[in-house]
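I opened the model to look up its sheet, its empty spaces and a few single residues, and I kept these notes as I went.

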Amino acid sequence: MDRRRVLKYLAATPAMGALVNGMGGPLAAAAAPPVGPATERTPALGAYESLRFGCSFHFGLPTFTGDDYDVGAVPATTYNPTHLDVRQWIKVAHDLGAKYAVLTAKYMSGFCLWNSKGYEYSVAASGNKTDVVAAFVEACHEYGLRPGFYYCILDPHNEGRFDWNSMVPDKYFDLIKRHVGELHTLYPNTFYQLFDITWKVTPAQLWELYRLVKAHSPDCIVVCNQGFKQSRANQGRMSEAASWPSDVINGEDTLPPLEGHDPHVTYEGKKYYMPFETWLPTGPIYPPMPTMHTWFWHPWYKTQSAEVLAHAYRDCMSGNANLLMNLAPDNTGRLPEDEVATMQRVAELIRS
């Protein structure tokens with residue numbers, strides 16, 4: 001990225017904007033207005049829509065503790081896959097027909113799947129020190145998938161308590177920015193960034209994260225998950241205020257409406273161009289929360305039927321929506337053979 005472009009994106013962040021704009025001269029005059037969600041279809045959004053189908057991967061401490069809502073109270077050594085094979089994950093996604101992939105770089109347990117500098121709760125301190133993020137990006141490049149990251153704002157390990165709705169402490173928000181900046185510095189021009197549980201930061205803080213990603217990866221598709229209940233309620237017809245700004249409306253375990261998604265979405269009286277993405281867990285119902293499906297592997301994990309998943313695929317394609325289908329590697333670090341067999345059958349059905 002050249003100096004003019006760096007200044008352009010720094011100017012879009014609250015902390016640096018005043019510094020850049022205070023420089024005076026032609027560089028300050030040429031600084032672009034703050035970056036934000038698109039009011040019309042852009043090349044980046046067009047590229048995202050053209051891919052249509054991706055896979056996400058939920059893998060981390062919950063894979064080993066058995067708790068989808070793991071709070072990060074166990075030692076990092078609890079994470080210890082014995083046959084980690086990230087390349088296998090991406091090959092299965094590729095054979096399924098996926099064009100992009102999203103990894104849970106940090107889930108709500110606070111455990112990072114990369115060796116974050118100066119941070120003690122990561123793969124570097126675990127039973128298997130493989131940098132999963134690096135392996136994931138490398139495998140995506142090998143199989144021609146566009147890589148992306150998931151980052152959870154809710155984090156009892158770093159917040160000091162488990163609370164869905166309390167605002168994050170300033171010290172933890174500084175860590176969030178460091179983590180996100182680190183990911184997008186190590187892997188600039190990343191295709192996709194998903195933030196989850198975004199209502200725990202202020203609107204100004206969410207804008208700061210949005211602009212931070214765009215500073216490193218200008219064409220990155222930034223997605224703020226609306227949450228399960230919100231997605232079911234509005235089916236992509238609107239963007240929730242707590243999930244703004246976002247380039248895409250994410251529908252957690254929610255298919256597009258029967259009339260299909262209209263990407264011309266009004267937010268606070270202004271029209272934006274916002275594609276819809278169904279983010280679909282493929283696992284069974286999670287017993288502690290029987291209205292929701294599990295995202296992580298468990299010993300009792302059984303993938304939903306190939307017919308159900310293929311039907312969801314067809315609904316998304318006919319409903320003008322992207323589909324992000326979740327896969328769950330087991331505690332050895334591989335996708336189990338029964339899950340792979342189901343995905344092979346899904347591929348047969350959607351290609352027929």
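**Barrel.** I looked first at the sheet, and I found a closed barrel of eight strands with parallel pairing, in the order β1-β2-β3-β4-β5-β6-β9-β12. Neighbouring strands of this sheet are turned by 25 degrees against each other on average, direction ignored. I took helices (H or I, at least four residues) and strands (E, at least two) as DSSP runs numbered from the N terminus, and I counted two strands as paired if DSSP finds at least two bridges between them. Axes are lines fitted to C-alpha atoms, for helices over the stretch in contact, and angles between N-to-C directions run from 0 to 180 degrees.

**Source of the model.** I note that this is a predicted model, in which local features need pLDDT of at least 70 and side-chain atom pairs count only at pLDDT 80 or more, while totals for chains, interfaces and linings use all residues. Residues are numbered from 1 along each chain as its sequence is written, and side-chain values use heavy atoms, with hydrogens and water left out.

**One strand pair.** I checked β6 (residues 248–252) against β9 (residues 276–281), and these parallel strands are joined by four bridges. N250 stands opposite E277 in β9.

**Helices on the sheet.** With contact meaning heavy atoms within 4.5 Å, I found helix α4 (residues 43–51) packed on the sheet, where the strands it touches include β1 (53–57), β5 (221–225) and β12 (321–327). The direction of α4 makes about 65 degrees with that of β5. Helix α9 (residues 170–186) lies across β2, β3 and β4 and runs at about 170 degrees to β3.

**Empty space.** I searched on a 1 Å grid over the protein atoms alone, where a cavity is a set of points at which a 1.4 Å probe fits but cannot get out, a pocket is an open set with protein on both sides within 12 Å along at least five of seven lines, and lining residues have an atom within 4 Å of a point. Grid points are joined across faces, edges and corners, and a volume is the space filled by probe spheres set on the points.

The largest pocket holds about 460 Å³ of space. Of its 24 lining residues, Y69, W164, F228, E252 and M292 are the closest to its centre. β3, α11 (228–234) and β11 (289–293) are the elements that give two or more residues to this lining.

The count gives one cavity of 30 Å³ or more, and the largest cavity has a volume of about 40 Å³. Among the residues that line this cavity are F59, L61, T104, K106 and Y107.

**Salt bridges.** I defined a salt bridge as a side-chain nitrogen of Lys or Arg within 4 Å of a carboxyl oxygen of Asp or Glu, and the whole structure has 15. One of them joins D85 to R334, with the closest N and O atoms 2.7 Å apart. This pair links distant parts of the chain, 249 residues apart.

**Backbone.** The peptide bond from W244 to P245 is cis, with omega near 10 degrees, and P245 lies in the loop between α11 and β6. I197 is not a glycine, yet has a positive phi of about 60 degrees.
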